[in-house]
Structures are given as structure tokens and as C-alpha cells.
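The following note sets out points for a colleague who is examining this model. The points are numbered so that each may be checked against the coordinates.

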Amino acid sequence: MTDRFRRISFRDMKIKHKLMVVMMLLILFFCLVVMSCLQYIFHAYDEMLYAQSAQTINNSIGDIENEIRNIEKLSLTIATDSRIQEQLSKVKEMTNEYDRAQTLTDFKNKIFVYMLTEKHISSIHFMNNSGYSLMVGQSAQIPDESKMEEVLIKARQAKGGNVWVDPDAAHPYLLAAREIRSTGSDLLEPLGTLIFQVNIASVVHQHQTVTKGSGYLYIWKSDQPVYTSDAGFQPSVAMMDAKQGYTIQKVGGLSSFIAYTTSKETGWTYFSILSYNDIFKKKNDLRFALLVVVFLLFITVIAISYGFARGITKPIERLTQQMRYAEKGDFEWIVTNSLDSDRSDEVGYLQKRFFIMIRRIDTLIEENYTRQMLLKDTEYRALQAQINPHFLYNTLTSINWMARTSGQAAISRMVEALSRLLRNAISNNMQVITLGEEIGLIQDYMSIQKVRFESELHFLLDIDESFNGYRIPKMSIQPIVENAIKHGLENMLGDCTITIAAVEWEEGIDISITDNGPGMDEIALEQLRKFEIPSKGTGIGLKNIHERLRLMFGESAGLHFNSRVGMGTTVTIKLPKESGSDV
């Protein structure tokens, strides 16, 4: 379970998946770069729009506040006019009501002339401490008593300076007030108060650079409106605290671009509100179009990348599959299912070379197998042909009867064993026999050798009868035992013991032939393992036996050797499970 869900590294991924991952990362990087650039461009566009709006607001602020300063200058001009000073001083000293009324009429006409120089002034009120009050011009709305009281108090506190009172919900006009103080002998004595009622809407309409229909200008101070074209806008606390900036929010249910700045001179915050849809429609359309283009490009590139990766890796995957069959030795499947490639690139070259190589290997294996089988059969038949079986059997039978007639039982047994041994060895009907039959040949062979060497040779057999059904090439064990006698007993001073045993393992059995002879060093053992020692005696060498075993039973069968100097030698025959069926 752990191996199934183990983390797969990039190095272990298939080439197709590697190509797709790399291309996807490149595409993703490209999209991120494009989106970052677009975001930067749109942000720069917003900044540019804000800069333009800020410039527009600043222009409006300059013009509006210039109008306010002109009104302040006008109030100062009126308050310091010598003719007016003289008239107000006379009014204060006159006792004749007619003369006083005539003087106030002249004063009023003078004020009216001054008012005509500023079209945004709706009216000018004059009030003095004697209770005289007059108004020049017309106003749609007269301030209430509390408002007038507030204005008079601020003007009195300013001591001849100009004061402003912002509009409110009850009175939408901007009020400017200045106390007139004497410049004559009674210096700085209050002569009365001038109150200017300014139409702020007229000032804004004249000087706002935002055209009606596409945008609006609002003026607020703290949390109170100074000028609003409607009641649909209410600035947030964050805007008022920030003093300057821009944002996008809903105004009257519609998204709007709002740029704002605060005047240091008046403390008013000016808000320029533009319809977001009108300004940003093209921007949004462009953004949507770019996103659609990027998405389509992304899908197109993925499809092209997949096709490209598939075109490269598909023949490689087919080649990999063919190699797996080659590992199993199934060359026939490769030859049958291989298609001629029309590719001329490196992958096509590999496919063609691999297919040619497989055909050559298949041909060589078939030729070599046929040649080896023919060679082994020829060698074996040549060995059989060395003796005339009919002549040999008759001779051995005669010797056997002569030994019995002479009372030589040992000679008779030896001749009978030799007769059985040769009869089985040179019979032509079977090339593979059972392990039980091979053991019978060995017992006959050892009977002859024990007569020859008497007590110097000992033979032990430790093979369970359950192994007797295993198949084995004829004359596989006898040449090994013969080598053990030749290289063991003949080079020893003491007795020689040869043991044949069989043990079962997971995939077959091991038949070991062990002697207690002088053994061999590592160099000689390595030569034996490489079959570089030439065969002697029977003509059936160990290499011959090894190759016959592998040809009949596969790569798992064959001979294995172990030996140490002074510790004897062991030759092991490995037989697979498949050789356990009856012949």
C-alpha cells in the first residue's frame, strides 16, 4: 500500500508527462506574466484617470476659491470705502429721520453698485447696533433668526475680519460677514455688519470642469454638505480621513469612480464623481476580450502541447513495450507486431535499428540452437558408434558364463554391471531419462569401480525416492562421478568417499556430487566455472552436460561448482520443477 501511494519524483515520470508538466508550467508562467502586465496597465490607467480627475478638481477648486476671495475683497472694499464710512458715520449721528433715510438710501445704492460686480452674490444685508437693517438684491431664502445671530456673533468676534458660514440643510446659501469699523476720529468703532448671501450652486456650476451628464461635483466639510447636486452621495469616514485619493463605489445604485481632495484654505473636501460604466466600459470590454484570448490561447497551446508530446512519446512507448517483450525472449511477438516506421528523426532511427537487431538476434538464436542441438546429437551418436553393441554384448555374455563356470562370482557381478551400464548408455531410443534410471546407471558404474579400487573407494547415496521422477539427460551424473574418482581418489593417499545427495528448493531440486579429494584453489575453480579445463576420459565433458541441461530446461538449470584446497569438491546439478513430470 505504501509503494502504491509513494510520491513520484519528476525524474521517475514518463517523458510524455514530463513534457506536459514543463509546457504547462511555461504556459502558466506566460499567463501570469500577461495577467501581471494587464493588471499593471489597468492600474496605471486608474492612476492616470485619477491624476486627470485630480487636475480637474484642482482647477475647479482654484476657480471656486478665487470667487470666494473676490467676494472677501469686495466686502473689504465696501467696508473701507470712504464714502460709505462717511455715510455710516452720519447715520449714526443724525437725529432727523428724513436726512437719515436719505443717507441710508445713498448707502444702499452704493452697495447695490458694488454687488453688481459679483453675479454670484444673491443679496447683501446691512445691520447696525441701532436696529437699522436693509437688504440689497433678492434672495430666494432668508436666513432664520438663529442663523443670523450666529453670523453676527462670528463677525463681531472677527473684529473687522471676514467670516464664512457654510450652508446647511435649512439654508443652502453660503454666508460671508464682515463688521464695518470706523476709520475716522472714532477709530475702529463698529458702524454695522455686512452679510453677503452667496449662491454656491451658481459658483460651482460656472467653474466645475466635469460636464453634467457624465459626472458631478460635491463639496463637503466634515460630515455636512456644502454643495450637493442631489442627495444620492454620502462620503465614507475613510474618505474624509484620507483627505485625498480615489475609489470605486456605488452611488445611487450605480458604480462610480470617485476622486477627492481637501482644500487647505477652506477645509472643504471636493468629490468628483464619474460614472464607472461610462469611463470603464471600454476598459472592461478590453479586459474581457484579453481574458478570452488568453484562455483560448491556453486551451490551444495545451492541445498542441499534448499532441506534440504524444507524437514524440508514442513511438518511444511502443519501443519500450517491444523491449519488455525482448527481455522475456518473445522475439516472435516483436517481429509479428512491429510496424514499419516512416519517421526519419532519431526516434524513427531507433525503431528501425531495434527491429533489425531483434530480427538478427532471433535468427542467430534459432541458428545457434539448431547448430548446438545438431552438434550435441552428433557428438553423442559418435560416442555410441565407437562400440559395436552386438559384438560387445556377446563378448560380455561369454565372459559372464566363463566367470560363473569358474566360480568367480565377483567377476560375474562386475561383468553384469558393465553390461547393464553399457546397454543403457548406448541405447538410441531415449536422450532423457528419469533420475531413478540415472541413479541405476551410477550404481552399476560404482559397482565396477569398487571392484577395481576395493576398500579405497566409498560410495554414499542420499536421494529420496520422491525425486526419482525428475527428468535428466542421460549420462549426466556418471561423467561427474568419473571426474571425482580420477581427480580425487587417484591423487589421494587415503580413502575416497563420494556422496550423491538431493535436496529440494523453491523452484526445483539440487543434486550434489561431493568428494573428499584434494580440492582446488580459486584460480582452478574459476577456470572450471568458465569450462576452460578440457574434458578427459569419456569425451562427454562438464561443459557438454551444462549446455544440454540449459537447452532442455532453460537458464535456471545447469552445473555449479564449489571447492577448497584440502576440503574436496562439490558439483551441483540444478533441475527445475518442470523436469519433475514422468518421461
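**Notes on the predicted model**

1. Strands β8 (residues 245-251) and β9 (residues 254-262) run antiparallel and are joined by seven bridges. Within this pairing, Tyr246 has Ala259 of β9 as its bridge partner. Two residues lie between the strands of the β8 and β9 hairpin, where Gly252 takes a positive phi near 65°. The model is a predicted one, and the remarks below should be read accordingly.

2. Strand β9 also pairs on with β10 (residues 269-275), again through seven bridges and in the antiparallel sense. Ile258 stands opposite Ile273 of β10 in this ladder. The hairpin of β9 and β10 has six residues between its strands, and Gly267 takes a positive phi near 80° there.

3. As to the chain overall, the protein contains 15 helices and 17 strands. Of its 583 residues, 38% count as buried. Among contacts with a separation of 6 or more, 63% are between residues 24 or more positions apart. The exposed area of the protein chain is about 34,000 Å², of which carbon and sulfur atoms supply 56%.

4. An open sheet is formed by five strands in the order β2-β1-β5-β4-β3, with antiparallel pairing. The edges are taken by β2 (133-137) and β3 (162-165); each has a single partner strand, so one side of each is left without a neighbour in the sheet. On average, neighbouring strands of this sheet are turned by 20° against each other, direction ignored. Inside the sheet, β4 (residues 174-181) and β5 (residues 190-198) pair in the antiparallel sense over eight bridges. Leu174 stands opposite Val198 in β5.

5. Which residues touch the most other members of the largest nonpolar core? They are Leu435, Ile477, Val481 and Ile511, in a core of 41 residues. Helix α12 (residues 435-453) supplies the largest share of this core, with seven residues. Leaving aside neighbours within four places in sequence, Val481 is in contact with Ile442, Tyr445, Met446, Ile498, Ile500 and Ile513. There is also a second, separate core of 39 residues, which includes Ile78, Ile124, Phe126 and Leu174. As background, nonpolar side chains in soluble globular proteins tend to be buried together.

6. Two residues deserve a check of their backbone geometry. Most residues other than glycine have a negative phi. Lys159, however, has a phi near 55°, a positive value in a residue other than glycine. Lys159 is placed in the loop between α4 (145-158) and β3. Its relative accessibility is 61%, and Lys159 therefore counts as exposed, the cut-off being over 50%.

7. The other such residue is Met475, which is not a glycine and yet has a positive phi of about 60°. Met475 lies in the loop between β13 (471-473) and α13 (478-487). Is Met475 buried or exposed? With a relative accessible area of 11%, Met475 is buried.

8. Gln87 is a polar-contact case within a helix: the residue lies in α2 (residues 82-93). Because its relative accessibility is 5%, Gln87 counts as buried. A polar atom of the Gln87 side chain lies 3.5 Å from the backbone nitrogen of Phe107. Apart from neighbours within four places in sequence, Gln87 is in contact with Thr103, Asp106 and Phe107. Phe107 thus appears both in the list of contacts and as the residue whose backbone nitrogen faces that polar atom at 3.5 Å.

9. Leu525 is placed in helix α14 (residues 522-529). Its relative accessibility of 2% is why Leu525 counts as buried. What does Leu525 touch, not counting residues up to four places away in sequence? The residues are Met520, Phe561, Asn562 and Ser563. For Ser563, which is 38 residues from Leu525 along the chain, the C-alpha atoms of the two are separated by 6.8 Å.

Note on methods: Residues numbered from 1 in each chain as written. Predicted model: local features only at pLDDT ≥ 70, side-chain atom pairs only at ≥ 80, totals over all residues. Heavy atoms only, no water. Helix = DSSP H or I, 4+ residues; strand = E, 2+ residues; numbered from the N terminus. Buried < 20%, exposed > 50% of the residue type's maximum accessible area, 1.4 Å probe, protein only. Contact = heavy atoms within 4.5 Å. Pairing = 2+ DSSP bridges. Axes fitted to C-alpha atoms, helices over the stretch in contact; angles between N-to-C directions. Polar contact = N/O pair within 3.5 Å; in protein donor to acceptor, adjacent residues only side chain to side chain. Core = buried A, V, L, I, M, F, W, Y, C linked by side-chain atoms within 4.5 Å. Areas by Shrake-Rupley, 256 points an atom, 1.4 Å probe, with all protein chains shown as cover.
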